[in-house]
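Visitor: Let us go through this structure by question and answer. Please start with the term that the first answer needs.

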Amino acid sequence: MTLAKKSSALASACLLVVGACAQSTAPQWGQCGGIGWTGATACPSGWYCSVSNPYYSQCLQGTVTVTVTPTTSAGGGGGGGTPTTTASGGSSTLAPGYSFIRAVEDPNFHKYLQSEVLNTASDAVLGSPGTASQFQITGGQLIQNANGTPLYAVVESRANSTVMKLKMSWSTTPTTAGTFVFSGDTVEWSISTIARPQNNAWLVCPDAQGHADVYINLGPYSYQTPAGCADETIHAYTGATATARRDIDDSEN
Ligand SMILES: *[C@@H]1O[C@H](CO)[C@@H](O)[C@H](O)[C@H]1NC(C)=O
């Protein structure tokens, strides 16, 4: 059991003992918000309430109010506010606080991250702008907003040290394995058990049906690329609508 789960279990236990444990402040690592949450929404001094997804906010150590902040103005997905808007694969306008995520290298230039079966827990793929999904990264989780339901990016575990690419898919439950961040507008993934030369290296490899499946590249970018795969980096894009255009503003994205 993680410390976070332990703390929220304690908080729940407190609710059962009326009066004995009246809490106006959530415990360290405890839940402090989310749809349906009726408990404390304040965090202890030196802690802040971080929105993990529409259904769960958690007290984290620190004083900032967002967990992930792009370091460039072109950067994507704020970690902040509670999402109030639904955003789904195929929706045309970006919801507040969300980013599209897209590749910027051929042969996948300006193809957008989404679910293979739109808005469902299925393989992570790159597809057309018209079906682009919308994302946030908070608390180390890459979260797809699928019609208001969060889908979490899950990276398969490494079977052995000869495996050099790890498949990514979407799950209805969060994962504790690995950490996603926006570095500027670039999506990176790391995990304590694997030393990666580049946390921003991705591979896109077509499956048997031709879907552009997305993988973590455990090796260096553009070196010993597996047969059939293409090296990619993937980036937040916060234009109002997903576009395949190649224009001046997009020259670095
Ligand atoms: C490593 O894992 C892969 C994928 O499961 C498997 O195909 C391969 O045979 C394994 N190699 C070794 C040396 O165990």
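Guide: A salt bridge is a side-chain nitrogen of Lys or Arg within 4 Å of a carboxyl oxygen of Asp or Glu. The model is predicted.

Visitor: How far apart are the closest N and O atoms of Asp 213 and Lys 167?
Guide: Asp 213 lies in strand 14 (residues 212-217) and Lys 167 in strand 10, 46 residues apart. The two form a salt bridge, and the distance between their closest N and O atoms is 2.8 Å.

Visitor: Which parts of the chain does the pair of Lys 167 and Asp 123 tie together?
Guide: Lys 167 forms a salt bridge with Asp 123, with the closest N and O atoms 3.2 Å apart. The two residues are 44 apart in sequence, so the pair ties strand 10 (residues 165-171) to the loop between strand 5 (112-115) and strand 6 (124-127).

Visitor: Is Asp 213 buried or exposed?
Guide: Buried means under 20% relative accessible area. Asp 123, at 22%, is partly exposed. Asp 213 has a relative accessibility of 3%, so it counts as buried.

Visitor: Which residues do salt bridges that share partners join into one network?
Guide: The whole structure has 2 salt bridges. Lys 167 pairs with Asp 123 and also with Asp 213. Shared partners thus give one network of Asp 123, Lys 167 and Asp 213.

Visitor: Which residue has a side-chain N or O atom 2.3 Å from an oxygen atom of the ligand?
Guide: Around the ligand are Ala 159, Asn 160, Thr 162 and Val 163. By class, this shell has 2 nonpolar, 2 polar and no charged residues. The side chain with the 2.3 Å contact belongs to Asn 160.

Technical notes. Residues numbered from 1 in each chain as written. Predicted model: local features only at pLDDT ≥ 70, side-chain atom pairs only at ≥ 80, totals over all residues. Heavy atoms only, no water. Near = heavy atom within 4 Å. Polar contact = N/O pair within 3.5 Å; in protein donor to acceptor, adjacent residues only side chain to side chain. Nonpolar A, V, L, I, M, F, W, Y, C, P; charged D, E, K, R; others polar. Helix = DSSP H or I, 4+ residues; strand = E, 2+ residues; numbered from the N terminus. Buried < 20%, exposed > 50% of the residue type's maximum accessible area, 1.4 Å probe, protein only.
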